[in-house]
Amino acid sequence: MAFKVIIIGGGPVGLFLANGLQRSGIDYLLFEKRPTIPPTTAFGIFLWPQVTRMMHQLGLLDKLREVSHPMTGIIHSAPSGEQLSADTIFSMTHKIHGYPVVVTDRGSLANTLLSGLEDPENHIFTGKQLNNIITQEKGVTVEFTDGTSYDGSIVIGADGIWSTVRDQIRQQAPKGLFPQNPFKASYKGVFGRGPLVEGISSGQGIEVHGDGWLIQAFPSQKETHMFIYKRIPSTTTKIPFSSVVTDDDVAEFYDAKLTPQVAFKDIWDKRYAQGTANFEEGVCNLWHYDRIAMVGDAVHKISPKQGVAANVGMEAAATLTNKLASLLQNNPDPTTKEVNKAFSTYQSELEGKVGVWQRLSRFNLESAVDSSGPLLEAMSTNAAARVPTMVSKSFKFEHVPFDHQYGNELPWVY
Ligand SMILES: Cc1cc2nc3c(=O)[nH]c(=O)nc-3n(C[C@H](O)[C@H](O)[C@H](O)COP(=O)(O)OP(=O)(O)OC[C@H]3O[C@@H](n4cnc5c(N)ncnc54)[C@H](O)[C@@H]3O)c2cc1C
């Protein structure tokens with residue numbers, strides 16, 4: 001059997017990985033437990049220049065532009081609607097790196113990524129919930145709850161925060177190497193999608209800062225993505241995503257003003273999608289075992305405040321793709337030991353960056369909800385000092401041609 005990657009999970013990271021593998025000449029099969037891709041989701045997603053650049057490399061940037069909106073900046077407000085400050089952080093980021101920061105909905109992103117995949121009928125399988133992985137000397141067999149099974153060379157778990165792949169690894173690895181729940185939440189979230197309303201402009205984000213809480217509103221070309229963050233006592237209890245949001249969940253924020261004219265409730269009352277979840281954070285100690293590796297939320301969880309968590313997962317998917325492509329170039333039938341070396345390099349090249357993004361996002365959120373009022377200068381000074389260099393050091397696909405990448409003030413390192 002030619003080398004074949006089994007991807008578990010058809011979220012943004014799994015679909016991005018599938019594109020990267022295909023374009024790097026590596027065969028794959030992707031299995032998603034939900035009956036369809038794309039999903040209907042309650043919240044939007046920011047894509048940063050490190051990802052919009054790779055979408056360009058994959059030939060998907062024009063399609064992405066059609067279904068997203070470039071962001072310009074953020075207005076910071078008090079709960080009374082009084083404007084505290086306004087910036088052009090996202091336009092500046094575009095200028096620095098040559099690629100935009102865009103906001104889109106997850107269904108549109110999934111469709112864009114699916115459009116890049118050749119022969120999807122023979123590569124993408126929905127309604128397939130993984131429940132067992134058997135590793136052998138030369139490959140793997142994955143088994144699904146519907147009784148089917150498939151063979152491959154390695155498994156990549158892109159199956160999100162409550163990863164079944166991670167559970168499977170834990171059963172096979174030495175006790176204590178993979179804890180039951182490696183993540184901890186200190187904030188919970190409520191989110192929703194509603195219409196655009198008069199008085200807020202597409203591309204212009206708004207943050208309303210309270211004591212221990214924050215509201216974000218990000219208007220795209222067609223709708224407003226709303227997020228609430230509320231500090232809670234830290235917990236490792238598994239609280240699954242829920243689409244039930246009670247009046248109590250939003251009571252504290254309901255009358256808060258995004259601008260002097262527009263209140264949170266003006267959009268929230270017209271919402272057509274909603275959800276709640278805890279915002280877990282954490283990075284797994286080990287990202288792979290035997291012929292199995294993990295990528296995305298399955299192995300690193302970052303608070304959504306900075307809007308980079310999936311971006312980091314996509315960069316991880318590119319890094320993993322690069323390591324596999326380099327390995328297979330010299331050796332089309334690698335041993336488990338050789339595969340492990342590639343997995344180990346993947347983790348070691350990325351985990352430092354993941355830690356920085358995680359700290360940046362956490363600092364950003366803590367500063368935004370400070371009890372003395374938002375620490376806006378600290379936030380902007382820290383972001384200006386750290387974010388551009390982090391973005392410029394992002395990896396891209398090493399085995400996919402890319403002749404005409406855009407650049408600007410700060411050159412891309414890779
Ligand atoms: C409110 C909110 C806002 C956010 N905003 C941003 C943002 O603006 N920018 C950003 O970069 N990140 C953002 N994030 C984080 C981002 O959503 C995640 O980092 C991203 O979804 C992770 O992608 P993933 O593919 O790793 O996992 P997921 O998106 O969780 O996808 C995992 C997939 O695996 C499937 N699956 C699970 N178990 C199995 C199984 N046993 N068998 C088969 N399939 C399985 C699931 O159905 C799912 O489709 C936000 C998160 C939240 C909660």
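This is a short talk on a predicted model, moving from its domains to its ligand and then to a few single residues.

Hi everyone, thanks for making room for me today. Please keep in mind as I go that we are looking at a predicted model.

Let's start with the overall layout. The domain assignment splits the chain into two parts: domain 1, made of 4-71 + 101-181 + 282-392, and domain 2, covering 184-281. Taken over C-alpha atoms, the centres of domain 1 and domain 2 are 25 Å apart. Where they touch, domain 1 puts in 28 residues and domain 2 puts in 31 residues. On the domain 1 side of that contact, strand 4 (68-70), strand 7 (102-105) and helix 10 (336-368) each bring at least two residues. Helix 10 has the largest share there, with 4 residues. If you sort that side of domain 1 by class, you get 13 nonpolar, 11 polar and 4 charged residues.

There is also a database annotation to mention. UniProt, in an unreviewed entry, lists residues 4-330 as "domain: FAD-binding". Over residues 4-330 the chain is 26% helix and 33% strand, and the C-alpha atoms at the two ends are 16 Å apart.

Now to the ligand. Where does the shell around the ligand lie with respect to domain 1 and domain 2? Both domains give residues to that shell, so the shell lies between them. There are 35 residues around the ligand, and the ones that come nearest are G9, G11, G160, G296 and A310. Several elements supply at least two residues each: helix 1 (12-23), strand 2 (27-32), strand 3 (44-47), strand 13 (184-194) and helix 9 (309-330). Helix 9 gives the largest share of the shell, 4 residues. By class, the shell around the ligand holds 17 nonpolar, 12 polar and 6 charged residues.

Next, a stop at helix 6. In this helix, residues 164-172, the buried positions are V165, R166, Q168 and I169. Why do they sit on the same side of helix 6? Because they cover an arc of only 160° around the axis. What does that buried set of helix 6 pack against? The partners are strand 1 (4-8), strand 9 (130-135), strand 12 (154-157), strand 18 (288-289) and strand 19 (292-294).

Strand 1 brings us to I8, which lies in that strand. Is I8 buried or exposed? I8 counts as buried, because it has 29 C-beta neighbours inside 10 Å, and the cut-off for buried is 20 or more. Setting aside neighbours within four places in sequence, I8 is in contact with F31, L130, V155, G157, A158, D159 and V165. You may recall V165 as one of the buried residues of helix 6. For a sense of distance, the C-alpha atoms of I8 and P260 are separated by 46 Å, and the two residues are 252 apart along the chain.

Let's set I8 beside L196, which is in the loop between strand 13 and strand 14 (204-209). L196 counts as partly exposed because it has 15 C-beta neighbours inside 10 Å. Apart from neighbours within four places in sequence, L196 is in contact with S202, P219, E223 and T224. The C-alpha atoms of L196 and Y28 are 40 Å apart, with their positions 168 residues apart along the chain.

I'll finish with some backbone details. As background, most residues other than glycine have a negative phi, and most peptide bonds are trans. Here are the exceptions I picked out.

The peptide bond from I37 to P38 is cis, with omega near 5°. P38 is in the loop between strand 2 and strand 3.

Then there is D119, which is not a glycine yet has a positive phi of about 50°. D119 lies in the loop between helix 5 (106-115) and strand 8 (124-126). Its 8 C-beta neighbours inside 10 Å are why D119 counts as exposed.

Finally, D290 also has a positive phi, near 55°, and is not a glycine either. D290 is found in the loop between strand 18 and strand 19, both of which pack against the buried residues of helix 6. With 18 other C-beta atoms within 10 Å, D290 is partly exposed.

That's my tour, and I'm happy to take questions!

Terms used: Residues are numbered from 1 along each chain as its sequence is written. This is a predicted model: local features need pLDDT of at least 70, side-chain atom pairs count only at pLDDT 80 or more; totals for chains, interfaces and linings use all residues. A residue is near a molecule or strand if its C-beta atom, placed from the backbone, lies within 6 Å of it. Ala, Val, Leu, Ile, Met, Phe, Trp, Tyr, Cys and Pro count as nonpolar, Asp, Glu, Lys and Arg as charged, and the others, Gly among them, as polar. Domain bounds come from an automatic or database domain assignment. Two residues are in contact if their C-beta atoms, placed from the backbone, lie within 7 Å. UniProt positions are given in the numbering used here, feature names are shortened, and annotations may be inferred rather than shown by experiment. A residue is buried if 20 or more other C-beta atoms lie within 10 Å of its own, exposed if 12 or fewer, and partly exposed in between; C-beta atoms are placed from the backbone. The arc is that of the directions from the helix axis to the C-beta atoms.
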